[in-house]
Number of protein chains: 2
Amino acid sequence: MKQYFGEYIRNLRTEKGLTLTQLGAKLDLDSANLSKIENGKREFDEKRLELLASVFGLDIEHLKTEFFSELFAKKIYETNCSTEVLNVAEEKVKYYREQNVKQGKLKL
Amino acid sequence: MKQYFGEYIRNLRTEKGLTLTQLGAKLDLDSANLSKIENGKREFDEKRLELLASVFGLDIEHLKTEFFSELFAKKIYETNCSTEVLNVAEEKVKYYREQNVKQGKLKL
DNA sequence: ATTATATTTGTCAAATACTGACAAGTCTAA
DNA sequence: TTAGACTTGTCAGTATTTGACAAATATAAT
């Protein structure tokens, strides 16, 4: 998927022939703010991912992948970080999952 | 590196025989808050990474890798996201770097 | 061209999250 | 038991994000 998350939403919306106001209502979002999201001037709020998935019948896992990958990529891009960071992150996730990490060890 | 970022700081500090107050002064941080950071009860602030590197003579790239990998891993862990997200993120970073993405396309 | 609808942009107060600071507590070693 | 080190809780100040609204612009139909 070679597009920004906002563009992705806009495509979904226009494919279904919905206006900003109509989709905004479904997502509990002002049409003006949805416009900004689609144009990359505001962030889509993580807490609305499930709602977005259900509105368009999307696989939530796929949607989360799209959403968070953009979040991480932006951070790496703007901090000019090595992509090596992603390999290290993968190891850490594995470790956290093995250890069943809880709050206290790590601020979650 | 199989330790949390707070533990990492604590190790650096104790190796050098510094107290929380002493290191706190160098990092412009209250000793109480530094304690929380070392114990995983507060986040280390990204804006102090360079300072931390210079205090201990660390490679800033390595430090950023440690810091952001933990950030990403925590997010993936707490949202129960597939680690596939990391591969997608890598593609996106490449793309952003090729395209020299600026504000407007993407909220940075 | 005029009207109606859709979209974009700017702004701002309210809500939320983060930070620095301090006080009071526990722990440790001399 | 005293001093210094560390931990924990709290909270006001600050910064950031969000929802909401108004006004401007764009688009399409008549």
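In the predicted model, 46 residues of chain A are in contact with 47 residues of chain B. Together the two chains bury about 5000 Å². Carbon and sulfur atoms carry 64% of that buried area.

Polar and charged pairs also cross this interface. Four salt bridges link chain A and chain B by the rule applied. One salt bridge joins B:K75 to A:E46. The closest N and O atoms of this pair are 3.0 Å apart. In addition, 14 residue pairs are in polar contact across the interface of the two chains, with both residues at pLDDT 80 or more.

On the side of chain A that touches chain B, the elements giving two or more residues are helix 5 (60–79) and helix 6 (84–99) of chain A. Helix 5 gives the most, with 15 residues. By residue class, this side of chain A divides into 18 nonpolar, 10 polar and 18 charged residues.

The contacts with nucleic acid were examined next. DNA strand C is surrounded by 18 residues. The closest are A:R10, A:L20, A:K36, A:K41 and B:R42, a list that draws on both chain A and chain B. Of the atoms of DNA strand C that come within 4 Å of the protein, sugar and phosphate account for 46%.

Three side chains of chain A approach the phosphates of DNA strand C. For A:R10, a polar side-chain atom lies 2.6 Å from a phosphate oxygen. For A:K41, an N or O atom of the side chain is 2.7 Å from a phosphate oxygen of the strand. For A:S35, a polar side-chain atom lies 2.8 Å from a phosphate oxygen. Elements from both chains build the surface near DNA strand C: helix 1 (5–15) and helix 3 (31–38) of chain A, together with helix 3 (31–38) of chain B, each give two or more residues. Helix 3 of chain A gives the most to this surface, with four residues.

The surface near DNA strand C comprises 10 charged, five polar and three nonpolar residues. Among the closest residues to the strand are A:K36 and B:R42.

In outline, the model shows two sets of contacts. Between the protein chains, helix 5 of chain A gives the most residues to the side of chain A that touches chain B. At DNA strand C, helix 3 of chain A gives the most residues to the nearby surface.

Notes. Residues numbered from 1 in each chain as written. Chains lettered and ligands numbered in written order. Predicted model: local features only at pLDDT ≥ 70, side-chain atom pairs only at ≥ 80, totals over all residues. Heavy atoms only, no water. Near = heavy atom within 4 Å. Polar contact = N/O pair within 3.5 Å; in protein donor to acceptor, adjacent residues only side chain to side chain. Nonpolar A, V, L, I, M, F, W, Y, C, P; charged D, E, K, R; others polar. Contact = heavy atoms within 4.5 Å. Buried area = accessible area lost by both parts, 1.4 Å probe. Salt bridge = Lys/Arg side-chain N within 4 Å of Asp/Glu carboxyl O.
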